[in-house]
Each structure stands twice: as structure tokens, then as C-alpha cells.
Amino acid sequence: MSPNKIRPTLPGRTHVTGPGGLSAAEFAAWYRDRSLEQWNALDLRAIAKLADWIVAAHKTGRQVLVMGNGGSAADAQHMAAEMVGRMLVERKKPLAAVALTTDTSALTAIGNDYSYEDIFSLQLRALGRKGDL
């Protein structure tokens with residue numbers, strides 16, 4: 001199997017890309033193994049604490065604002081949709097959740113008029129309220 005290739009992204013960070021030249025089955029095995037490493041590294045206590053914060057926000061009428069870049073933008077949208085929708089159990093009142101990745105007009109206007117680095121912070125300042133998560 002080819003070694004991973006590491007390429008720079010932001011200053012001080014690197015991004016590991018998948019090995020090239022693999023068959024579909026070899027790549028699937030490599031991808032599964034990397035995914036399992038990530039799942040096994042999850043801090044379940046931190047996730048439980050986050051769940052408590054989400055419940056507290058819901059009980060006090062606050063919203064959850066989520067965001068991400070690239071594939072994480074899609075994850076943010078999925079997460080918000082699950083919170084507003086069913087997400088495993090029926091609720092009397094849906095969770096208030098907004099993905100800040102969905103308004104392409106805001107994203108491109110902020111990126112153009114200010115900076116791409118500001119696309120989420122300006123939306124948080126405009127839409128976020130004290131107690132939101």
C-alpha cells in the first residue's frame with residue numbers, strides 16, 4: 001500500500017490524503033480503517049456534555065448554530081436538519097437549529113465584501129443570541 005501523502009493546508013496544519021494506486025477494495029479497506037481510527041478516538045464524555053448543552057439550549061428557547069467548510073458544510077446542514085426533524089425520536093417541539101452554510105447569497109456577499117474568513121462570524125453576530133449554542 002502506498003504511504004499517505006501529506007500536503008500543507010493552513011499555517012501549522014497538514015491534511016492527510018488517501019494513498020493512490022489502490023484497487024477499489026484496497027481503498028475501501030484503507031478508508032474504513034481510517035474512519036474506525038477516528039470513531040475510536042472520539043471523546044464520548046465531551047459528546048455527552050455537548051448533548052447536555054443542546055438540551056439546555058432547547059429547554060430555554062435557544063438555537064443551535066452549526067457550520068463547516070467543504071464536506072463539513074454538508075454535515076452541518078445534515079445535523080441541523082436532524083435537529084429540526086425527527087432525529088431518532090418524536091418531539092413535541094423541534095429543536096431550533098440553523099446551518100450557517102445554506103445562504104449562498106450571504107456567504108458570497110460576506111466573502112466578497114469582507115473576507116472569506118468572516119463568512120460565519122458575521123452571520124453569528126447577526127443571527128446569534130445570548131445563550132445560543
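**Exercise 1. Chain architecture**

Which pattern does the protein chain follow when it is read along the sequence? State also how many helices and strands there are.

*Solution.* The structure is a predicted model, and its secondary structure comes to five helices and four strands. Placed in sequence order, these elements give the pattern β-β-α-α-β-α-β-α-α. As a further step, consider the contacts between residues at least 6 apart in sequence, of which 46% join residues at least 24 apart.

**Exercise 2. Burial and surface of the chain**

Determine what share of the protein chain is buried, and what part of the accessible surface belongs to carbon and sulfur atoms.

*Solution.* The protein chain has 133 residues, and buried residues make up 20% of them. Turning to the surface, the accessible area of the chain comes to about 10,000 Å², and carbon and sulfur atoms account for 58% of that area.

**Exercise 3. The nonpolar cores**

Identify the residues of the largest nonpolar core and the elements that supply them.

*Solution.* The first step is to list the members: this core has nine residues, namely Ile54, Val64, Val66, Ala76, Ala80, Met83, Leu95, Ala97 and Ala99. The second step is to assign them to elements, whereby strand E3 (64-66), helix H3 (71-84) and strand E4 (97-99) are each found to supply at least two residues of the core. The largest share, three residues, comes from H3. In soluble globular proteins, nonpolar side chains tend to be buried together. The third step looks at a single member, Ala80, which touches Val66, Ala97, Val98 and Ala99 when residues up to four places away in sequence are not counted. Finally, there is a second, separate core of eight residues, among them Leu100, Leu107, Ile110 and Phe120.

**Exercise 4. Salt bridges and their exposure**

The structure holds four salt bridges; for the one between Arg34 and Glu37, and for those of Arg86 and Arg129, give the separation of the closest N and O atoms and classify the partners as buried, partly exposed or exposed.

*Solution.* In the bridge between Arg34 and Glu37, the closest N and O atoms are 2.9 Å apart. Both residues lie in helix H1 (residues 24-40), three residues apart, which is about one turn of the helix. Arg34 counts as partly exposed because its relative accessibility is 27%, and Glu37 is likewise partly exposed, with a relative accessible area of 44%.

Arg86 is bridged to Glu90, with 2.5 Å between the closest N and O atoms, and both Arg86 and Glu90 are exposed.

Arg129 forms its bridge with Asp132, the closest N and O atoms being 3.6 Å apart. Here the partners must be classified one by one: Arg129 has a relative accessible area of 42% and is therefore partly exposed, whereas Asp132 is buried because its relative accessible area is 17%, a value to be read against the cut-off of under 20% for buried residues.

**Exercise 5. Aromatic residues and a surface patch**

Which residues form the aromatic cluster, and which residues form a nonpolar patch on the surface?

*Solution.* The structure holds two aromatic pairs, and Phe27, Trp30 and Tyr31 form one aromatic cluster. The surface patch is made of Trp39, Leu42, Leu44 and Ile47, which together have about 460 Å² of accessible area. One of these residues, Ile47, can be placed in helix H2 (residues 44-59); its relative accessible area is 41%, so Ile47 is partly exposed.

Technical notes
Residues numbered from 1 in each chain as written. Predicted model: local features only at pLDDT ≥ 70, side-chain atom pairs only at ≥ 80, totals over all residues. Heavy atoms only, no water. Core = buried A, V, L, I, M, F, W, Y, C linked by side-chain atoms within 4.5 Å. Buried < 20%, exposed > 50% of the residue type's maximum accessible area, 1.4 Å probe, protein only. Contact = heavy atoms within 4.5 Å. Phe/Tyr/Trp six-rings, centres within 6.5 Å; stacked < 30°, edge-to-face > 60°. Areas by Shrake-Rupley, 256 points an atom, 1.4 Å probe, with all protein chains shown as cover. Salt bridge = Lys/Arg side-chain N within 4 Å of Asp/Glu carboxyl O. Patch = residues over 30% accessible without salt bridge, like charges linked within 9 Å, V, L, I, M, F, W, Y side chains within 5 Å.
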